[in-house]
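I opened the notebook to log what I looked up in this structure. My topics are pockets, rings and a few single residues.

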Amino acid sequence: MKIKSNIDGNNYLLTDHNMWVRNLAKEGVPFVDINKNIRQSDHFVFLENEFKNNLQKITWIDSEDFDMKKVLIVSDGYKFQEKHKIIANLPKDVIVIGVNGSLSKWNLPNRNMNWYLNNNPYEESLHYLPRRNRVLPKCIVSPRTNNRFVSAYKGSKYKYYPVNDKTYTTLGFNEVAWQIDDYRNPICAAIGIAYRFGAEKICLLCCDDSFESFREGSEKLDNGLFQYPQQNIAHGLIDGLFYWLHNHEYYDFEIANCSSSKEYKFATYIKEEEILPFFNKVGEK
């Protein structure tokens, strides 16, 4: 495991796929992503979204004070329709943050997600909107989130400021209290938001892109399912964030994973029936 410290005070963990994960819990340091992974062709897409989104009056989320001690981050991975039913039995103090296709596929009439987070800059994210009318959760977006999605979303909206990759120059710096290390990944962004609002327990549900039968170019997981190798990059980034929470200087975090991906080094794997006990268990702080 390789850790490096920069002269500016930041610490970074190197993943197995050569991505540097910044210590999101380090205070009093500049927000700097030292990776260089944004393609030149994406710059125009980002800038166009930023310009159009800045014309909308969306509250910066760092100016608010939300309580998120217990957080379930849910995506629409393997067997989502079955697994997400467990959420109906969770206590109301468990804050549910949905990402990716979880909002459009949500099917719990008596339990809504609390938040939906989307940082996808492309128009494909329009597919994340539900087809039928329903009460929409509060939405968290990045300035780079696809503007058509942001405009079409009819619920309350908040935006966070993402830590910038060295290769990308944003339209202009905004005076915010903190930024989020999102690595263009909504699960990473949700972890950062949960941390900023006081999370003590974090669990991932269906945060995977696994499937049952072999497909050309896929790899087999230890659980017998398959995934495409590029998913390992996101897996390393998420585990890197968990590493920094696991090694926090002052606070203890309980981190669990109930997803059909590779297991994380710094999160405990649990089954669906263990999610409720995970959140109900009283930990020693």
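**Entry 1: the second largest pocket**

I began with the second largest pocket, where about 320 Å³ of space lies. I closed in on its centre and found Asp 16, His 235, Gly 236, Asp 239 and Lys 265 as the closest of the 15 lining residues. This is a predicted model: local features need pLDDT of at least 70, side-chain atom pairs count only at pLDDT 80 or more, and totals for chains, interfaces and linings use all residues. Residues are numbered from 1 along each chain as its sequence is written, and side-chain values use heavy atoms, with hydrogens and water left out.

I noted the rule for empty space. On a 1 Å grid over the protein atoms alone, a pocket is an open set of points with protein on both sides within 12 Å along at least five of seven lines, while a cavity is a set where a 1.4 Å probe fits but cannot get out; lining residues have an atom within 4 Å of a point. Grid points are joined across faces, edges and corners, and a volume is the space filled by probe spheres set on the points.

Which elements give two or more residues to this lining? They are strand E2 (11-14) and H6. H6 gives the most, with five residues. Helices (H or I, at least four residues) and strands (E, at least two) are DSSP runs, numbered from the N terminus. I sorted the lining of the second largest pocket into four nonpolar, six polar and five charged residues. Here Ala, Val, Leu, Ile, Met, Phe, Trp, Tyr, Cys and Pro count as nonpolar, Asp, Glu, Lys and Arg as charged, and the others, Gly among them, as polar.

**Entry 2: His 235**

I went back to His 235, which lies in helix H6. Is His 235 buried or exposed? His 235 is buried, with a relative accessible area of 14%. The cut-offs are under 20% for buried, over 50% for exposed and in between for partly exposed (1.4 Å probe, protein chains only). Leaving out residues up to four places away in sequence, His 235 touches Ser 261, Lys 262, Glu 263 and Tyr 264. Contact means heavy atoms within 4.5 Å.

**Entry 3: the largest pocket**

Next I looked up the largest pocket, with a volume of about 1200 Å³. Its lining has 42 residues, and the closest to the centre are Tyr 183, Arg 184, Asn 185, Pro 186 and Ala 234. Strand E7 (115-118), helix H5 (186-196) and helix H6 (231-246) each supply at least two residues of this lining. H6 gives the most here, with seven residues. By class, I read off 17 nonpolar, 15 polar and ten charged residues.

**Entry 4: cavities**

I then turned to closed spaces and got four cavities of 30 Å³ or more. The largest cavity has a volume of about 40 Å³. Leu 103, Trp 106, Asn 112, Met 113, Arg 134, Val 135 and Pro 137 line the largest cavity. I sorted this lining into five nonpolar, one polar and one charged.

**Entry 5: rings**

I looked for aromatic pairs next. Rings of Phe, Tyr and Trp (its six-membered ring) pair if their centres lie within 6.5 Å; planes under 30 degrees apart count as stacked, over 60 as edge-to-face and the rest as tilted. The count comes to 15 aromatic pairs.

Why is the pair of Tyr 116 and Phe 149 called tilted? The ring centres are 6.2 Å apart and the planes are at 45 degrees, so the pair is tilted. Tyr 116 lies in strand E7 and Phe 149 in helix H4 (residues 147-152), so the pair ties together parts that are 33 residues apart in sequence. Tyr 116 is buried, at 0% relative accessible area. Phe 149 also counts as buried, at 0%.

Phe 242 and Tyr 264 form an edge-to-face pair, 5.6 Å centre to centre with 80 degrees between the planes. Phe 242 lies in helix H6 and Tyr 264 in the loop between strand E13 (254-258) and strand E14 (268-269), so the pair ties together parts that are 22 residues apart in sequence. Phe 242 and Tyr 264 are buried.

I also found a cluster: ring pairs link Phe 66, Trp 115, Tyr 158, Trp 178 and Phe 197.

**Entry 6: charges over rings**

The charged end of Lys 138 sits over the ring of Trp 115, 4.7 Å from its centre. The charged end of Lys 4 sits over the ring of Trp 20, 4.5 Å from its centre. The rule asks for NZ of Lys or CZ of Arg within 6 Å of the ring centre and within 35 degrees of the ring normal.
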